Amino acid sequence: MQWVTKGKSDDACDAYMSAHRSDDNCRELKTYFNSVIDWVSATFKDVESEMRGLEWGRLYETYHKQPYDADEVSKKVHELYADAAVKKRSGVFEYILGGYVDTTLLEIRMFEDSTKKCVYTKQTDDAKKDGVSNCPLCALGTDANAKRIWKITEMDADHVTAWSNGGKTDIANCQMLCKTHNRAKGNR
């Protein structure tokens, strides 16, 4: 019922229901509901199981005034569904509607190349200054790798707090590890 009150509080829903309790028809609700359904149908050519349960009223109120090309939307849905880094398929729809900006909607597990390069550069500069390896785990050791400067191609981006434990895929939670240490670390 919140969709008819445009996402307002439960009190707004109660007020709406109270104000309309004597109505002899539901024409207003039906018209609004059909407007939402027509907009979704015109915007998304494909029906995916993840569309069930989405807040379509809120999405309609937020995005219905923007024009969308249903063919382009369909193409983007298929691309994102095929992308192994996208972990939250239900977020694909709002991500597309919102102009491909809020990647948190997709729960992407992979770090972007620009993030990897930035973290690599900072770690490497700090490591050279301190005379230690740019792999933080190698730097803790006493073997030949304790001072080794790895190439970016010899390293993997790692979630400091594991992604499976709620760690975000952002620069603040990224570190570069040599491939051996990244694979040994697992989900810790």
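Modeller: Contact here means heavy atoms within 4.5 Å. This is a predicted model: local features need pLDDT of at least 70, side-chain atom pairs count only at pLDDT 80 or more, and totals for chains, interfaces and linings use all residues. Residues are numbered from 1 along each chain as its sequence is written, and side-chain values use heavy atoms, without hydrogens and water.

Colleague: What do the buried residues of H2 pack against?

Modeller: Helices are DSSP runs (H or I, at least four residues), numbered from the N terminus. Buried means under 20% relative accessible area, with a 1.4 Å probe and protein chains only; exposed means over 50%. The buried residues of H2 pack against H3, helix H4 (70-82) and H5.

Colleague: Within what arc do the buried residues of H2 fall?

Modeller: Those residues are Tyr 32, Val 36, Trp 39, Val 40 and Thr 43. They line one face of the helix, because seen down its axis they fall within an arc (from directions of helix axis to C-beta atoms) of 100°.

Colleague: Which residues are exposed on the other side of H2?

Modeller: H2 covers residues 27-43. On that other side, the exposed residues are Arg 27, Lys 30, Asp 38, Ser 41 and Ala 42.

Colleague: What arc do the buried residues of H3 cover?

Modeller: H3 runs over residues 56-63, and its buried residues are Trp 56, Gly 57, Leu 59, Tyr 60 and Tyr 63. They sit on the same side of H3, because they cover an arc of only 165°.

Colleague: How far apart are the end C-alpha atoms of H2?

Modeller: The expected span is 1.5 Å times one less than the number of residues. For the 17 residues of H2 that gives 24 Å, which agrees with the end C-alpha separation of 24 Å.

Key
Helices (H or I, at least four residues) and strands (E, at least two) are DSSP runs, numbered from the N terminus.
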